[in-house]
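The following report describes one chain, moving from a single residue outward to the chain as a whole.

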Amino acid sequence: MAAHIATGYSRLQIALHWLVAALIVGAYFTDGGMGRVLHERLNSGAAAMPLHVWLGSAALILIALRVAVRAIRGAPKAHGPAWMALAAAWGHRLLYVLMIAAPAAGAAAWYLGVTAAADVHGLIANALMLVALAHAVIAIAHQVLLRDGTLLRMARARS
């Protein structure tokens, strides 16, 4: 449970939001050939870490920090009717689950050698990108169509 109900996001929350988003997008678009690289690593023990692994590892660490900050600081209430608030709450829960599960599965494959986790990692990463895209479209629609300031909350810090 959050320590208090925030009226807006803090600078740290905003920075973590955009940094994690950039890391996830970067990791997603640097995954080319990872199946081959993982296979080589498991067969030969090669130690070189591709950019994809660095980005995913950094994302996982910052996502853990983001979850901790949100648990302590809270998040502002969603705008609109109750059904929108409920949809926003469940949408964010799904995003957090996917943001944790994708790099965790990747880490299980890369660091622990759990080859089955590599396929799961790819599926979760694709689902994460689709849900994140929907999240962005909904935030833009709130800003442009509903003009309720939803998108601006992730651009300007408030207490």
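## A helical chain and two of its residues

Val69 is found in helix H3 of what is a predicted model. With a relative accessibility of 12%, Val69 counts as buried, because the limit for that class is under 20%. Its surroundings include residues from elsewhere in the sequence: leaving aside residues up to four places away in sequence, Val69 touches Leu12, Gln13, Leu16 and Gly74. For one of these, the separation can be given in two ways, since Val69 and Gln13 lie 56 residues apart in sequence, while their C-alpha atoms are 7.2 Å apart in space.

Arg147, by contrast, is found in the segment after H5. Its relative accessibility is 69%, and Arg147 therefore counts as exposed, the limit for that class being over 50%. The backbone of Arg147 also deserves a remark, in that its phi is positive, about 50°, although the residue is not a glycine.

The two residues are set side by side below.

| Residue | Location | Relative accessibility |
|---|---|---|
| Val69 | helix H3 | 12%, buried |
| Arg147 | segment after H5 | 69%, exposed |

Turning to the chain as a whole, its secondary structure consists of five helices and zero strands, so that the order of elements from the N terminus reads α-α-α-α-α. The C-alpha atoms fill a box of roughly 55 × 30 × 25 Å along the principal axes. Of the 159 residues in the chain, 34% are buried. Among contacts with a separation of 6 or more, 80% are made by residues 24 or more positions apart.

The accessible surface of the chain amounts to about 9500 Å², and carbon and sulfur atoms hold 73% of that area. As for charge, the chain has 12 positive and 4 negative charges, and the mean positions of these two sets are 21 Å apart.

Which residues are closest to the centre of the second largest pocket? This pocket has a volume of about 550 Å³, and of the 29 residues that line it, Asp31, His52, Ala102, Gly106 and His121 are the closest to its centre. Two or more lining residues are contributed by each of helix H1 (11–29), helix H2 (34–44), helix H3 (51–73), helix H4 (82–112) and helix H5 (115–146). The largest share of the lining, eight residues, comes from H4.

Conventions
Residues are numbered from 1 along each chain as its sequence is written. This is a predicted model: local features need pLDDT of at least 70, side-chain atom pairs count only at pLDDT 80 or more; totals for chains, interfaces and linings use all residues. Side-chain values use heavy atoms; hydrogens and water are left out. Helices (H or I, at least four residues) and strands (E, at least two) are DSSP runs, numbered from the N terminus. Buried means under 20% relative accessible area, exposed over 50%, partly exposed in between (1.4 Å probe, protein chains only). Contact means heavy atoms within 4.5 Å. Accessible areas come from the Shrake-Rupley method with a 1.4 Å probe; for residues, only the protein chains shown count as cover. Lys and Arg count as positive and Asp and Glu as negative; His and the chain ends are not counted. The place of a charge is taken as NZ of Lys, CZ of Arg, CG of Asp or CD of Glu. On a 1 Å grid over the protein atoms alone, a cavity is a set of points where a 1.4 Å probe fits but cannot get out, and a pocket is an open set with protein on both sides within 12 Å along at least five of seven lines; lining residues have an atom within 4 Å of a point. Grid points are joined across faces, edges and corners, and a volume is the space filled by probe spheres set on the points.
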